[in-house]
Amino acid sequence: MSFMGINKPELADVSIDGALYRPKLLLIYNYCGVGYTDHTGKFQRKLNEHFFLTDPEVLIWTHFPYCEMESNYSRWQLLDKPLKLDEFNALPKVTPFFFEYNLRIRSRPQNPVVFRFQTELKLTAHKPTRYKYKLYSVEDRENGALNNYVFCQLKEDRLLGSFAICPPTEGMYYFKVYARPEWQMYEDTTLKNVAIFLLECLKAKKHINPYPLHDVPWGPGQSFFDFKMKLINQVGPVIVTWGGKRKLVLETASVMLITQQLFDSNGKEMDTRGIISREDSDTRISFTITPPRIGYYKFLIFGIPKPKLKGKWRLPLLASFLIDCKLTKNPSDDDPYNSNNKKETKKKKMRIPTVR
């Protein structure tokens, strides 16, 4: 028996008693379990336990059993509904870490992912997960030069990673995703490659504005929830302004030591004086944002509960917001999103002249 794209593999199936004493077949794939072939074609020995006692539903993502001498070779997939070759080829490339971190692809599997203007890829996890990514042309070496054409955020109680991709030009691209569960980030901050998607953009938007570069998903981070903070008047990581002032209110469980940074769309840090003002009152922190011009801005908030001792403290990132300023007005104008702050205007009676 052989597998598509693999030379001289050795496969064995093992029957064990599963839950409720139902017999279950698991696979042992010796070739990939003991090493891999590097870019020079040389075999490198390295133990990979992912390929020992692997579920057939998992192994089918990376290996397709095939035998020219047997007509019913699909039975070796050990699946209730075996995949056809075109269905197997439509699956994106995933790594053993994809299954180790209990990730799943929410969007419909395609290879390549064909779209016009923009597409969204979704990954789900059992627990909040940190993501990074790289977007680059298939004609280039791996790099992150186009990462600012991707908007990543966490949805559905931070269990769904959403990647909105809007390439600047038509063509073929690779989209490489790295991940690690947040609870593991305290021990090791290295993110592992979990999946690679092939993208085909048939038509790109004209005059597209790239996002500010950002290394982590937009929105509140893990520290934000560890410190039991809440967003009061904001839903999602995008703060849209149509001119005037825009308020962002946070609620904290205790008095916080807070600092903030603001960057323009090119990643240049800006002086926040006259742009962002802050008001602290017990367990509430209010930011008043007045963008100076139309465009994107990256707003970062750092902080920790206020220490009892004096000293130097490293403040973790609490949240990151994309400020999307679509219009600029007089800075003294009221925030159109806060209806409570709008001044009541008296209705003037219209005087109708008498017609003689």
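Trainee: Why is Lys228 called exposed?

Mentor: Its relative accessible area is 62%. Exposed means over 50%, buried means under 20%, and partly exposed lies in between, with a 1.4 Å probe and the protein chains only. The value for Lys228 is over the 50% limit, so the residue counts as exposed.

Trainee: What kind of model is this, and how are residues numbered?

Mentor: This is a predicted model, in which local features need pLDDT of at least 70 and side-chain atom pairs count only at pLDDT 80 or more, while totals for chains, interfaces and linings use all residues. Residues are numbered from 1 along each chain as its sequence is written, and side-chain values use heavy atoms, with hydrogens and water left out.

Trainee: Where is Lys228, and what is its phi?

Mentor: Lys228 sits in the loop between α5 and β18. Its phi is near 60 degrees, a positive value in a residue other than glycine. Helices (H or I, at least four residues) and strands (E, at least two) are DSSP runs, numbered from the N terminus.

Trainee: Why is Glu156 called partly exposed?

Mentor: Glu156 has a relative accessible area of 48%. That falls between the two limits, so Glu156 is partly exposed. Glu156 lies in the loop between β13 (150-155) and β14 (160-165), and has a positive phi of about 50 degrees although it is not a glycine.

Trainee: What makes Ala204 buried?

Mentor: The relative accessible area of Ala204 is 9%, which is under the 20% limit, so the residue is buried. Ala204 is in the loop between β16 (192-203) and β17. Leaving aside neighbours within four places in sequence, Ala204 is in contact (heavy atoms within 4.5 Å) with Phe117, Pro167, Pro168, Thr169 and Glu170. Ala204 and Thr169 are 35 residues apart in sequence, with 5.1 Å from C-alpha to C-alpha.

Trainee: Is His126 buried or exposed, and how do you know?

Mentor: His126 has a relative accessible area of 62%, over the 50% limit, so it is exposed. The residue belongs to the loop between β11 (119-124) and β12. Beyond four places in sequence, His126 is in contact with Asn102 and Leu159.

Trainee: And why is Thr119, in strand β11, called buried?

Mentor: Its relative accessible area of 13% is under 20%, so Thr119 is buried. Apart from neighbours within four places in sequence, Thr119 is in contact with Val113, Phe163, Ala164 and Ile165.

Trainee: How do you know that β18 and β20 are paired?

Mentor: Two strands pair if DSSP finds at least two bridges between them. Two bridges join β18 to β20 (residues 246-251), running antiparallel, so the pair meets the definition. Lys230 stands opposite Glu251 in β20. Further on, β20 and β24 pair in the antiparallel sense over six bridges, with Thr288 in β24 as the bridge partner of Lys247.

Trainee: What makes β18 and β23 edge strands?

Mentor: Each pairs on one side only. The open sheet has four strands in the order β18-β20-β24-β23, with antiparallel pairing. At the β23 end, β23 and β24 form a hairpin with two residues between them, and Asp282 in the turn has a positive phi of about 55 degrees.

Trainee: Why is β24 described as largely enclosed?

Mentor: Five of the six residues of β24 (residues 284-289) are buried, so the strand is largely enclosed by the rest of the structure.

Trainee: What makes the second largest pocket a pocket, and how much space lies in it?

Mentor: On a 1 Å grid over the protein atoms alone, a cavity is a set of points where a 1.4 Å probe fits but cannot get out, whereas a pocket is an open set with protein on both sides within 12 Å along at least five of seven lines. About 570 Å³ of space lies in the second largest pocket. Of the 24 residues that line it, the closest to its centre are Arg130, Glu182, Val216, Ser223 and Leu317; a lining residue has an atom within 4 Å of a point. Grid points are joined across faces, edges and corners, and a volume is the space filled by probe spheres set on the points.

Trainee: Which residues carry little confidence, and how do you know?

Mentor: pLDDT, the predictor's confidence in each residue from 0 to 100, stays under 50 over residues 14-31 and over residues 331-350. Where pLDDT is low, the predicted coordinates should not be read in detail. The mean pLDDT of the protein is 80, and 78% of its residues reach 70 or more.
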